[in-house]
Each structure stands twice: as C-alpha cells, then as structure tokens.
Amino acid sequence: MGRLVVAAAVAGWAIPIAALVNSVVPEPYMAQQYCHGDFLTWDPMITTPPGLYYVSLAYIASFFPVAWMFRVADTFDVLCSTAALRSTNVIMAMVCAVLFHDLLLCIRPGIGERKATTYAILVALYPVHWFFSFLYYTDVASLAAVLAMYLFCLKKKFWISAMFGSFSILFRQTNVIWIIFFAANESISYIQDLYPKDNVSHENIEATHQSNKVVSGRDTKTVAQGLRRRRINSPISKNVVVSESSKLYNNLTDEVWDICLKLWNSKCEVLIAFAPFAFVMVAFVAFIIWNGSIVLGAKEAHVVSPHFAQFLYFGLVSAAALLPWHFTPSQILDLFHLSGKNKTCSFLAILMGLGLSFIAVHFFSIAHPYLLADNRHYTFYIWRKVIQVNWMMKYMLIPLYLYSWFSIINILGKSQTRVWVLSFVLSVALVLVPAPLIEFRYYTIPFVILVLHFPVIDNGKLLALGLLYVAADLFILVMFLFRPFHREHEPGTQRFMW
C-alpha cells in the first residue's frame with residue numbers, strides 16, 4: 001500500500017508540472033537521433049554514456065504497438081517527441097520514491113509504512129532532485145539505478161545488484177564509487193555473519209535500541225527484547241549489532257584490523273559471493289583504458305582536479321537541506337557534550353579540521369570557466385554573491401563547513417560503525433573532489449544515502465521541512481518558466497536553473 005501511495009503522490013504533481021514545462025519549454029533534445037536509429041551520432045560536449053537514451057527507447061517502444069494499432073503513430077520516431085522523452089524522468093522519479101520507501105523499510109523495519117511513505121515523499125520533493133524530474137537530465141535515472149543497486153545488495157541478491165550497478169555507470173561514471181561503497185560494506189556484513197560470536201553485544205543493546213527507537217508507538221520493552229533474541233538476518237539487525245560491536249573496539253585501527261583479518265580468513269567465500277561486482281569493476285577499468293579518461297566528451301573541460309573545497313560545499317549544502325537534524329539546539333548541545341568528554345582529542349580534531357579546511361579553501365577552491373561564464377545556473381550567483389563577495393567570506397564560511405561535517409559524522413556514528421562512516425566520507429570525497437565544476441546535482445546521491453541512515457524525526461519537523469522544499473521547488477519552477485532572459489552574444493532563450 002505504501003508503494004502505491006508514494007507513486008500516486010509523485011505522479012500527482014509530476015504529471016501536471018511536466019505538462020506545464022513541456023508547454024512553455026518545448027525545445028527538443030539530441031536523444032531524438034536515437035529514435036531514428038542513428039546510434040553513431042554523438043554530441044562531443046556530452047560527458048556521460050547514453051544510458052538515459054537507451055531507457056527512453058525501451059520506455060517509448062513499449063507504447064508503440066498500442067499507438068500503431070490505434071493509428072496514433074505509423075512510425076516509431078513519431079512517438080519520440082520532447083515531451084515523451086522527458087516523461088522518462090517522470091517515471092524514474094516515481095521509481096526513485098518507491099525504491100527509497102523500500103530501502104527505508106529494509107534498513108529500519110520498525111519505522112512503519114506510514115513514516116516510510118512520508119520520508120519517500122519528502123525526498124521526492126528535495127529541490128534539486130525534484131527540478132530535474134521534468135527535464136531530460138541523467139540525474140534522476142542515475143539515482144534510481146543506484147537505489148536499486150543498494151536495495152538488492154542489502155537483500156544479498158548480488159548479481160542483480162551488480163547489474164543495476166553497471167546500469168548506473170551508463171548514467172554517470174562516478175557511480176562506480178557507490179558500487180565499491182555498497183559492495184565493501186556488504187562484504188563486511190557478510191563476514192560478520194560468518195563470525196556470529198564476535199557480533200553479539202548483550203551489554204549495550206539498550207543504548208542501540210534508543211538510537212533506533214520505534215516511532216509507531218509499540219511497546220519499546222517488547223521490541224528491545226526482540227532485538228536481543230533476533231539473529232543477524234535483516235539489514236537493520238546488522239546495523240544494530242554491528243554498531244554495538246564496534247563499541248567493543250578501542251579505536252578505528254582495531255576495528256579495521258579485525259575486519260581485514262576476517263576478510264583474509266574468508267577470502268574465498270567473499271570473492272565468490274561478490275564476484276559480480278568484481279566483473280563490473282574489471283569492465284570499468286577496461287573502459288577507462290580504452291577511452292583514455294573517465295568522461296566521454298569535453299575531456300579538456302572536465303579534467304580531474306583537486307577540488308577539495310567541493311567536499312566542504314557538500315557538507316554545508318546537505319546540512320542546510322536537512323535542517324531539523326543539524327541546526328537545532330539539541331544537536332549543538334550534543335556536539336558540545338561530545339567534545340567535553342575528551343577535550344584534548346576534540347581540540348586536536350577541531351584544530352586539524354580548521355587547518356585542513358583552510359588549506360582546501362585557500363589553495364583548492366576551483367573557479368571553473370563554466371561556473372564563471374554561465375549565468376543560467378544558481379551556482380554562478382552563489383559563487384559571486386556569497387563565496388566571492390569579498391576576500392574574507394570564503395574563510396568566514398569555514399566554521400560552517402566544519403560544523404556541518406562534524407554534525408553529519410556525529411549523527412551517522414550513532415547508528416553505523418566507524419568503518420561505515422569512514423567509507424562514506426571517503427566515497428563522497430572520491431565522487432566530488434575530482435569534479436572541477438560546482439554542481440548541486442552531484443550531491444543528490446550522497447544526500448539521499450544520508451537521509452536513509454539518519455535517525456527518524458517527528459512528523460512536525462518533517463512537515464516543516466517538506467513545506468520549505470515545496471517553497472523552494474515553486475520558486476525554482478517559476479524562475480525557470482516565467483523569467484527567461486537573452487544573451488547578446490548567444491542566440492535563443494536562456495532560463496535560470498540549478
């Protein structure tokens with residue numbers, strides 16, 4: 001029932017808004033070349049593989065027999081209109097919401113259908129994701145493939161997961177990092193199953209129960225007793241036990257060493273179980289060697305760069321987009337309380353964070369030529385009016401960057417192991433740091449992963465956040481549709497967008 005509600009809710013706003021967008025902005029896209037059977041034509045400025053085009057072809061082909069039967073279209077390419085191509089992402093937006101709903105129930109079974117449905121609708125309203133649901137960009141389909149890969153990985157259907165992982169690379173090459181992230185963490189869960197005696201913690205189960213408390217109003221004592229008896233068969237019970245067992249290690253080094261030993265001792269079982277992901281990785285490496293780069297087109301404009309400031313931008317943008325989790329008195333007090341437990345370590349961590357952030361901002365803030373020249377994108381104005389408004393501002397933002405990342409790590413650390421948190425942080429860095437261009441679209445996948453693993457909040461905060469998302473969505477849509485502008489040096493109508 002929850003899936004139907006989520007899909008219906010997304011369709012309820014996506015279909016009429018898509019119709020509005022198509023009526024105001026009817027310009028065609030290159031994918032129409034594929035509808036004519038021309039698979040050799042390729043725009044040299046496009047950097048990603050044609051995964052979205054193949055999905056569109058399959059999607060539109062499913063309608064052709066009926067259209068031909070009722071004489072709506074005599075040839076296949078007649079159906080390949082701009083509106084039809086864009087509707088691919090409307091369908092993908094619905095798929096994303098349903099997959100998020102299923103993932104949340106898989107990771108947190110106690111959350112309940114109603115809460116999972118609310119969260120899925122909230123994520124569907126996330127402004128950056130919402131906006132591109134109506135245009136022909138790869139981001140929505142890319143997210144759908146990554147979420148499907150994660151869901152089947154948690155269900156231990158590794159061949160299907162690897163298949164969706166390979167599909168995700170056809171939408172965006174950097175998704176290979178998320179393949180590694182999911183496979184690596186699931187392999188750790190896999191070996192924990194092989195060593196069950198090392199994974200059960202009877203002393204600290206109550207603390208874990210508090211951080212994963214059930215919000216549906218059931219008797220918490222009964223649930224806690226059930227958690228004690230439950231074996232590590234579901235993703236949530238793994239999170240519970242693995243999070244607790246990580247507390248048995250003195251530090252991160254001990255945890256990593258123990259995992260490495262278990263992986264080595266069970267290397268044959270792990271290699272056999274996760275062979276599908278290895279095949280995908282080998283194919284991807286072969287592609288890079290053949291292509292000479294991770295991108296297909298515009299290679300000179302998308303050179304791998306040490307854009308460490310981008311890592312900081314993601315932290316602040318995600319924390320701001322998840323306001324009820326990060327910028328609240330309780331979270332601020334929690335961080336202060338945590339720093340007070342070990343003042344020396346906390347002081348050194350803050351000092352190191354400030355130092356590294358200063359180096360990233362001072363030496364590795366990259367102003368890509370596209371960022372400086374393209375005034376259609378909001379990042380152009382954020383860069384000029386905020387980050388570069390004066391010489392001091394980029395340094396004044398460092399405490400906000402640092403607080404955002406400390407808050408993210410603190411919240412994740414309450415339900416995940418140290419290794420999981422570290423691998424997530426490294427994955428975000430590997431995806432974002434090499435990208436020289438500031439694009440909020442690049443932040444969507446790690447943002448959604450954060451929401452999946454953040455603790456549950458009450459309905460009032462969810463409603464407030466949802467209303468903020470809706471307000472931002474409407475503002476962006478109105479600016480895009482009804483505030484077009486023209487450039488003297490470039491023909492055609494220009495529109496504001498993310």
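## Helices H5 and H8

Let us begin with a pair of helices: H5 and H8 pack with their axes 9 Å apart, at an angle of about 25 degrees. Because angles under 35 degrees count as roughly parallel, H5 is described as roughly parallel to H8. The crossing of these two helices is left-handed. Keep in mind as you look around that this is a predicted model.

Which residues of H5 and H8 make the contact? From H5 come Asn89, Met92, Ala93, Val95, Cys96, Leu99, Phe100, Asp102, Leu103, Cys106 and Ile107. From H8 come Val140, Ala141, Leu143, Ala144, Leu147, Ala148, Tyr150, Leu151 and Leu154. Sorted by class, the contact of H5 with H8 has 18 nonpolar residues, one polar and one charged.

## The whole chain

Now step back to the full picture. The protein chain has 498 residues, and 52% of them count as buried. Its secondary structure comprises 27 helices and two strands. What share of the contacts between residues at least 6 apart in sequence join residues at least 24 apart? The share is 77%.

The UniProt record, an unreviewed entry, places the feature "transmembrane region" at several stretches, among them residues 90–111, 310–327 and 347–371. In the model, residues 310–327 are 89% helix and 0% strand, and the end C-alpha atoms of this span lie 21 Å apart. Residues 347–371 are 80% helix and 0% strand, with 36 Å between the end C-alpha atoms.

## H8 and its partner H10

Helix H8 covers residues 139–154, and it also packs with helix H10, residues 175–194. Their axes are 10 Å apart and the angle is about 15 degrees. That angle makes H8 roughly parallel to H10. Here the crossing is right-handed.

On the H8 side, the residues that meet H10 are Ser142, Val146, Met149, Tyr150, Cys153 and Leu154. Their partners in H10 are Asn175, Trp178, Ile179, Phe182 and Glu186. The residues of this contact of H8 with H10 divide into eight nonpolar, two polar and one charged. Two names may look familiar: Tyr150 and Leu154 of H8 take part here, and Tyr150 and Leu154 are also listed in the contact with H5.

## Just past H8: Lys156

Follow the chain out of H8 and you come to Lys156, which sits in the loop between H8 and helix H9 (158–171). What is notable about phi of Lys156? It is near 65 degrees, a positive value in a residue other than glycine. Lys156 is partly exposed, with a relative accessible area of 33%.

## H26, a covered helix

Is helix H26 mostly covered or mostly open? H26 (residues 444–453) is mostly covered, with ten of its ten residues buried. The buried residues include Thr444, Pro446, Phe447, Leu450 and His453.

H26 also packs with H5: the axes of the two helices come within 9 Å and cross at roughly 40 degrees. That crossing angle makes H5 oblique to H26. The crossing of H5 and H26 is right-handed. Phe100, Leu103, Leu104 and Ile107 in H5 meet four residues of H26, namely Val448, Val451, Leu452 and His453. By class, this contact of H5 with H26 has seven nonpolar residues, one polar and no charged ones. Phe100, Leu103 and Ile107 of H5 appear in this contact, and Phe100, Leu103 and Ile107 are listed in the contact with H8 as well.

## Two buried residues to find

Try locating Ser318, which lies in helix H17 (residues 308–321). Why does Ser318 count as buried? Its relative accessible area is 1%, and buried means under 20%. Leaving aside neighbours within four places in sequence, Ser318 is in contact with His326, Phe447 and Leu450. Phe447 and Leu450 are among the buried residues of H26.

Next, look for Ile111 in the loop between helix H5 (82–107) and helix H6 (113–124). Ile111 counts as buried, at 5% relative accessibility. Which residue, 345 places away along the chain, has its C-alpha atom 7.9 Å from that of Ile111? The partner is Val456.

Note on methods:
Residues numbered from 1 in each chain as written. Predicted model: local features only at pLDDT ≥ 70, side-chain atom pairs only at ≥ 80, totals over all residues. Heavy atoms only, no water. UniProt positions renumbered as here; feature names shortened; annotations may be inferred. Axes fitted to C-alpha atoms, helices over the stretch in contact; angles between N-to-C directions. Parallel < 35°, antiparallel > 145°, perpendicular 65-115°, else oblique. Left-handed = near helix turned anticlockwise from the far one by under 90°. Contact = heavy atoms within 4.5 Å. Nonpolar A, V, L, I, M, F, W, Y, C, P; charged D, E, K, R; others polar. Buried < 20%, exposed > 50% of the residue type's maximum accessible area, 1.4 Å probe, protein only.
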